[in-house]
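Here is a set of short questions and answers on one structure. Look it over first, then follow the reasoning.

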Amino acid sequence: MTTYIIRRLILAVIVLFLVSLFVFLAMRLLPGDPVLMYMSASSVQEITEEQLDEVRHQFGLDKTLPMQYFDWITGVFRGDLGRSILNRSPVIQEILRRLPITFHLGVLAFIIAIVIGIPAGVLCAVRRGGWLDNFVTTLANIGITVPVFWLGIILIYVFALYFRWLPVMGYTSPFENFWLSTKQIIMPVFCLALGPIAGNARQARSSMLEVIRKDYIRTAWSKGLRERAIIMKHALKNGMMPVVTLSGMGVGTILGGAVLIEQVFNIPGMGRLAVTSVMNQDYPYVQAVALIMAISIVFSNLLVDISYGWFDPRVHYD
Amino acid sequence: MSEEANLGPATIENVRHAKELRLFFRVFLNRGVVVFGMVIILLFIIAAIFAPWLAPYNPDKIDMNNSLLQPGKAHWLGTDSLGRDTFSRTIYGTRVSMLIGLVVVVLSAIVGMALGLIAGYFGGWTRAVVMRLIDTLMAFPMILLALLIASLLGGGMNNVVMALAFAMVPIYARLMCGQVMSVKENDYILAGRSMGASHIRIMFRHLAPNCFPPLIVMMTMMLGTTILAEAGLSFLGIGVQAPTPTWGNMVNDGRQYLLTNPVLSFAPGLAIMLMVYAFNMVGDGLRDALDPQLRGVI
């Protein structure tokens, strides 16, 4: 078990290194010279070659690529993510302001996806072919096909513009005004959660169906156990492994959804930052957002892997 | 089977094939939603190919005198802020979604399968390296990865295709690698090796065809995912550029007029959903039909 965890950790570190390398190199390949962009952003009219060199030196862009990477990554470890090209403000400040917002929405969506999705899927499997099964399965199939940004717009139309029950868009910290904050996040959280809810329900259903056919379940029935005990104690534990994996992957879905949904609901989180900074070619921001999202996903995958080994003692690292 | 093989086994083979095929279609077309999906896809294909004949108006024709009309007799789904016919634009939007979906799926499947094939067949270090690269790419939300690459390459149809294909490659590579690793344990692979077949021959003649069924299901499903991702990109304004009508940018354009003309956003979004749903249902049907257990072969 310990070796399994250690090996998983080593793999995660390797992937994190590759992720950082990818983010670093991708941004160096961006079209346009960042120095020129910086100079024009700071509205310098006549730029001499010396001035360019000076700024290059200032940003460390005159060093070799490996040295630049080294400078950047040591900076990242110190919490220094560079400065914005557009307004020169430290990237980390903006990130610290936006990260809690996306975290707030994302964690809620993640929890809702598990709390609603998994029981729905299990219920479907237990009552296979019944009206509930058909209803939930149809809903789940639709749930994984809805374009989230479009769903957001429809919700805005129905609940904010037509019925006027909820505010159209925006974000308020729950510590500032809890009631307003909650009203504002209902629609975006629902949009973020819908895909994972549907995914969890589908996965829980199909893996429960698989388990229910197994011999040990028949044995449990023939022992005369009650259905509740069979489902809760025998089937659920064995059927949940793929569901755990899929829930872990939900983190990626939610973060990807945030890129679109924060745009729809005008929420100043990480996803919106990704879009605006890509548009502005403000590469330190793009780097930071990509890096942080990737790190969260790598860590959630690591947690899934470790919990896998913990839930199922048969799992061995190959 | 070689040319001079006698007729007997070949005919038996054919009969078996025909029987398999009949079983395949029986399971495949057994469920109503699958048939529904097939019909929807067929309709979309017709709409994409015959758009110029089906669309009542030129999708790009600006007519400021008739801007923001409500749905009516002349314009079934009304007109947008530039007076362009929403129904015509939605029909033309099918082209972009279909084309990008198909090209991206084929491109990424070819590259991904080749990577997975090599990684799974040779194993060891090759596999370790390829798998770590896949892990790296999969650490980014797909839309973010596509967004990054699209911004590296710039807008335009070709670049969106490249960005999306790049973002999808790891999914196929991982699936293919797993498939190859289980299929290569079969005795016929060992037999092939001991008869002196080359690595290339084994990979393409023996391994790849036997790894196919789940990949076909995956490709069908990924058509839907790709179409969703493309719509997301063009919703963000990074995909195919205006004035080319895409469902994604139509949804975005319509947002401003949500209160007065909700149909501008609703119609293209519904089209996206219908298309993705259809591909997913057909993918589900294919999975059932390709599963020997469900088909009743075993």
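Q: In which hand does H5(A) pass H11(A)?
A: This is a predicted model. The axes of H5(A) and H11(A) come within 10 Å. As for the hand, the crossing of H5(A) over H11(A) is right-handed.

Q: Which word describes how H5(A) lies to H11(A), oblique or roughly antiparallel?
A: The two axes cross at roughly 140°. Angles count as roughly antiparallel over 145 degrees. The crossing therefore makes H5(A), relative to H11(A), oblique.

Q: How many charged residues does the contact of H5(A) with H11(A) have?
A: H5(A) brings residues including Leu105(A), Ala109(A), Phe110(A) and Ile114(A). From H11(A) come, among others, Val243(A), Val251(A), Ile254(A) and Leu255(A). By class, the contact has 11 nonpolar and 4 polar residues, and the number of charged residues is none.

Q: Is H5(A) oblique or roughly perpendicular to H12(A)?
A: The axes of H5(A), residues 91-126, and H12(A) come within 8 Å. They cross at roughly 130°. Roughly perpendicular covers 65 to 115 degrees. The angle therefore makes H5(A), relative to H12(A), oblique.

Q: How many charged residues are in the contact of H5(A) with H12(A)?
A: H5(A) supplies Glu94(A), Arg98(A), Leu99(A) and Thr102(A). H12(A) supplies Met270(A), Gly271(A) and Leu273(A). The split is 3 nonpolar, 2 polar and, for charged residues, 2.

Q: What is the count of helices in chain A?
A: Along the sequence, chain A follows an unbroken run of α elements. Its strands number 0. The helices come to 13.

Q: Is Cys191(A) buried or exposed?
A: Cys191(A) lies in H8(A), residues 178-212. Beyond its neighbours within four places in sequence, its contacts are Val148(A), Leu151(A), Gly152(A), Leu155(A), Gly257(A) and Ile261(A). It has 26 C-beta neighbours inside 10 Å. The cut-off is 20 or more. Cys191(A) therefore counts as buried.

Q: How far apart in space are Cys191(A) and Trp310(A)?
A: In sequence, Cys191(A) and Trp310(A) are 119 residues apart. In space, C-alpha to C-alpha, the separation is 32 Å.

Q: Which helix supplies the largest share of the side of chain A that touches chain B?
A: The contact takes 37 residues from chain A and 33 residues from chain B. On chain A, H1, H6, H7, H11, H12 and H13 each supply at least two residues. The largest share, 7 residues, comes from H7(A).

Q: How many nonpolar residues are on the side of chain A that touches chain B?
A: This side has no charged residues. Its polar residues number 5. The nonpolar residues number 32.

Q: Which helix of chain B gives the most to the largest nonpolar core?
A: That core has 158 residues, and Ala146(B), Leu147(B) and Leu164(B) touch the most other members. Ala146(B) is in contact with Ala163(B), Leu164(B), Ala167(B), Ala229(B) and Leu233(B), leaving aside neighbours within four places in sequence. The most residues, 16, come from residues 199-235 of chain B, helix H9(B).

Q: Which residue takes a positive phi just after H8(B)?
A: H8(B), residues 187-194, is hardly covered. Among its 8 residues, the count of buried residues is 0. Just after this helix, a phi of about 90° is taken by Gly196(B).

Key:
Residues numbered from 1 in each chain as written. Chains lettered and ligands numbered in written order. Predicted model: local features only at pLDDT ≥ 70, side-chain atom pairs only at ≥ 80, totals over all residues. Contact = placed C-beta atoms within 7 Å. Helix = DSSP H or I, 4+ residues; strand = E, 2+ residues; numbered from the N terminus. Nonpolar A, V, L, I, M, F, W, Y, C, P; charged D, E, K, R; others polar. Axes fitted to C-alpha atoms, helices over the stretch in contact; angles between N-to-C directions. Parallel < 35°, antiparallel > 145°, perpendicular 65-115°, else oblique. Core = buried A, V, L, I, M, F, W, Y, C linked by C-beta atoms within 7 Å. Buried ≥ 20, exposed ≤ 12 C-beta atoms within 10 Å, placed from the backbone. Left-handed = near helix turned anticlockwise from the far one by under 90°.
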